[in-house]
Amino acid sequence: MPQRHSKNNNDLAFFTYDEKRKLGFGTQKERLGKDSIKPFDACCLCLKPFIDPMSCQKGHVFCKECILECLLSQKKDIQRKLAAHAIQQKQEKDEEEEKLMLQKARELDAFDQQNHGAVPQYSDRNLSRDKNGFHGANSVKVTSYEEEALRTMKAFWLPSATPEASVKVEAPSTSTVCPEGMEKLKLKALFPIIFTEDTNDKKKSSSLDKSFICPSCKVTLTNTLSLVALTSCGHVYCKKCAGKFVAVDKVCLVCNKPCKEKNLVNLAKGGTGFAGHGDHLEATEFKHLGSGSGLGLVRPAMKT
């Protein structure tokens, strides 16, 4: 018989707090490791080591091919949405004109009934149809528009006759956006960046396993360092050297090209849908008991 006052107690009719924790229910926390953080030299779109890197004014780094393909697809999507919006506006205009024509026709019909309502108008052709229809000024006659509405009325209980709700297309934005920061981005706002490769490192045999250094202090660049790029020439420095030398001397230390403080752009690290970066790299996930399934429902994880 198990002990009554221990965590191994399992003869109760309900789950204890410790049993729920062992089953994985509740808030689970886990610190993100190195594999969960995007490297600084990886493209924000393909998550691979970048080729011909380009950066936006917010410091998001992309491969040249990836960002150009992304902006081109955005422009095609904008053109498609503009065409759909123009078609919808034309349809709305035609429907409005048709409503005005029907309204004028109803007004003319009502005016005609009011002026000729005292004397019933019969003809040999429509006598049999109007026997139970209009019989004086005080009676009600079903107009042709009401007959058309009754004949084409949708039956909501039949799936084949259910009216379809029209989907309204909103006017799209005509500007392309950065896929990472979601701010407005134009092609001319992108600038190429140049990393200084470490040529003294002979341990790297593969061309993909490259290491980059700061051209000023020769420190190997990693995710732990904050990086700064110059929009004037594209060279990348660590933030310490950029603030200590480049911002003071107003010149690039590699190519001697003049620059200003506004040309310094802080490069962003991590922050994709698959990786996180920041001071508190901790992923949390909440699970609660499912009704009768024993599996529990999962709420999306929140990363900070």
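**Exercise 1. Find which residues form the nonpolar patch on the surface, and place Leu253 within the fold.**

Step 1. Begin with the patch itself: Phe245, Leu253 and Val254 make up a nonpolar patch on the surface, and together they have about 220 Å² of accessible area. Patches are made of residues with over 30% relative accessible area and no salt bridge, where like charges are joined within 9 Å and nonpolar side chains (Val, Leu, Ile, Met, Phe, Trp, Tyr) within 5 Å. A salt bridge is a side-chain nitrogen of Lys or Arg within 4 Å of a carboxyl oxygen of Asp or Glu. Accessible areas come from the Shrake-Rupley method with a 1.4 Å probe, and for residues only the protein chains shown count as cover.

Step 2. Before going on, keep in mind that this is a predicted model: local features need pLDDT of at least 70 and side-chain atom pairs count only at pLDDT 80 or more, while totals for chains, interfaces and linings use all residues. Residues are numbered from 1 along each chain as its sequence is written, and side-chain values use heavy atoms, with hydrogens and water left out.

Step 3. Now place Leu253: this residue sits in the loop between H4 and strand S9 (264–266). Helices (H or I, at least four residues) and strands (E, at least two) are DSSP runs, numbered from the N terminus.

Step 4. Leu253 has a relative accessible area of 35%, so it is partly exposed. The classes are buried (under 20% relative accessible area), exposed (over 50%) and partly exposed (in between), with a 1.4 Å probe and protein chains only.

**Exercise 2. Describe the largest nonpolar core and the elements that contribute to it.**

Step 1. A nonpolar core is a set of buried Ala, Val, Leu, Ile, Met, Phe, Trp, Tyr and Cys residues joined through side-chain atoms within 4.5 Å. The largest one here has 35 residues, and Ile193, Phe195 and Leu267 have the most contacts inside it.

Step 2. Two or more residues each come from strand S3 (61–63), helix H2 (64–115), strand S7 (227–230), strand S8 (236–238) and helix H4 (239–249). S7 gives the largest share, four residues.

Step 3. Look around Phe195: leaving aside neighbours within four places in sequence, Phe195 is in contact (heavy atoms within 4.5 Å) with Phe40, Phe50, Phe212, Leu221, Leu227, Val236 and Leu267.

Step 4. For background, nonpolar side chains tend to be buried together in soluble globular proteins.

**Exercise 3. Work out how S7 pairs with S8 and with S9.**

Step 1. Check the side chains of S7: Leu227 and Ala229 point one way, Val228 and Leu230 point the other way, and all are buried.

Step 2. S7 and S8 run antiparallel and are joined by three bridges; two strands pair if DSSP finds at least two bridges between them. Opposite Ala229 you will find Val236 in S8.

Step 3. The hairpin of S7 and S8 has five residues between the strands, and Gly234 there takes a positive phi near 95°.

Step 4. Turn to S9, which pairs with S7 in the antiparallel sense, again over three bridges. Here Val228 stands opposite Asn266.

**Exercise 4. Trace the open sheet that contains S3, then examine His60.**

Step 1. The open sheet has three strands in the order S3-S2-S4, with antiparallel pairing. S3 and strand S4 (191–192) are the edge strands, each pairing on one side only.

Step 2. Three bridges link strand S2 (residues 53–55) to S3 in the antiparallel sense, and Ser55 has Val61 in S3 as its bridge partner.

Step 3. His60 is found in the loop between S2 and S3. With a relative accessible area of 12%, His60 is buried.

Step 4. Leaving aside neighbours within four places in sequence, His60 is in contact with Met54, Ser55, Cys178, Glu180, Gly181, Glu183 and Ala268.

**Exercise 5. Compare the phi values and exposure of Leu47 and Asp52.**

Step 1. Recall that most residues other than glycine have a negative phi.

Step 2. Leu47 has a positive phi near 60°, and Asp52 has a positive phi of about 55°.

Step 3. Leu47 lies in the loop between strand S1 (26–31) and S2, and Asp52 also lies in the loop between S1 and S2.

Step 4. Leu47 is partly exposed, at a relative accessible area of 35%, whereas Asp52 counts as exposed at 52% relative accessibility.
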